[in-house]
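Reader: Please take a close look at one part of this model and describe the side chains there. Then set that part against the rest of the chain.

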Amino acid sequence: MQANVGTIDRIVRILLALAVAGLYFGGIISGTVAIVLLVVGGILLVTGTVKFCPLYRILGASTAKSDKA
């Protein structure tokens with residue numbers, strides 16, 4: 001599993017996940033919308049943490065710096 005998520009992309013993903021968690025635990029969002037956003041936030045947190053996004057792999061995209069010079 002080769003990393004395909006770059007540093008800025010990782011930071012944005014993790015910050016969005018934390019923002020969603022903050023909204024949920026702060027009582028600002030609830031119900032079905034909250035559940036959907038928590039799932040999306042969880043996915044963002046995991047993909048940001050492990051530096052790999054399966055959707056990027058399917059689309060052939062990458063925000064990670066290439067080792068090729």
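**Helix α1 and its surroundings**

Author: Ile8 has a relative accessibility of 68%, which is over the cut-off of 50%, so Ile8 counts as exposed. The model is a predicted one, and every value below is computed from it. Ile8 belongs to helix α1, which runs over residues 7-25. Together with Val12 and Leu16, Ile8 makes a nonpolar patch on the surface, with an area of about 300 Å².

The charged residues of the helix come next. The side chains of Asp9 and Arg13 meet in a salt bridge, with 3.0 Å from N to O. Both residues lie in helix α1, and they are four residues apart, about one turn of the helix. The count of salt bridges in the model comes to one. Are the two partners buried or exposed? Arg13 has a relative accessibility of 8%, under the 20% cut-off, and therefore counts as buried. Asp9, at 16%, is also under 20% and so counts as buried. Ile8, by contrast, is exposed at 68%.

Arg13 has a further contact, with an aromatic ring. Arg13 lies over the face of Tyr56, at 5.0 Å from the ring centre. Arg13 thus takes part both in the salt bridge with Asp9 and in this placement over Tyr56.

Aromatic residues also form a pair with each other. A pair of aromatic rings is described by the distance of the centres and the angle of the planes. The structure holds one aromatic pair. Its members are Tyr24 and Phe25, and the arrangement is edge-to-face, with 5.1 Å centre to centre and 75° between the planes. Which of the accessibility classes does each ring residue fall in? Tyr24 is partly exposed because its relative accessible area of 32% lies between the 20% and 50% cut-offs. Phe25, at 69%, is over 50% and so counts as exposed. Phe25 lies in helix α1. The C-alpha atoms of Phe25 and Gly42 are 14 Å apart, with their positions 17 residues apart along the chain.

Farther along the chain is Lys51, which sits in the loop between α2 (31-50) and α3 (54-59). Its phi is near 65°, a positive value in a residue other than glycine. Lys51 counts as partly exposed because its relative accessibility is 37%.

Now the whole chain. It has three helices and zero strands, and from the N terminus on the elements run α-α-α. The radius of gyration is 14 Å, well over the 11 Å that the globule rule gives for 69 residues, so the chain is more spread out than a compact globule. Along the principal axes, the C-alpha trace spans about 50 × 20 × 15 Å. Of the 69 residues, 22% count as buried; Arg13 and Asp9 are among them.

How values were computed: Residues numbered from 1 in each chain as written. Predicted model: local features only at pLDDT ≥ 70, side-chain atom pairs only at ≥ 80, totals over all residues. Heavy atoms only, no water. Helix = DSSP H or I, 4+ residues; strand = E, 2+ residues; numbered from the N terminus. Buried < 20%, exposed > 50% of the residue type's maximum accessible area, 1.4 Å probe, protein only. Patch = residues over 30% accessible without salt bridge, like charges linked within 9 Å, V, L, I, M, F, W, Y side chains within 5 Å. Areas by Shrake-Rupley, 256 points an atom, 1.4 Å probe, with all protein chains shown as cover. Salt bridge = Lys/Arg side-chain N within 4 Å of Asp/Glu carboxyl O. Phe/Tyr/Trp six-rings, centres within 6.5 Å; stacked < 30°, edge-to-face > 60°. Lys NZ or Arg CZ within 6 Å of the ring centre and 35° of its normal. Rg over C-alpha atoms; globule rule 2.2 N^0.38 Å.
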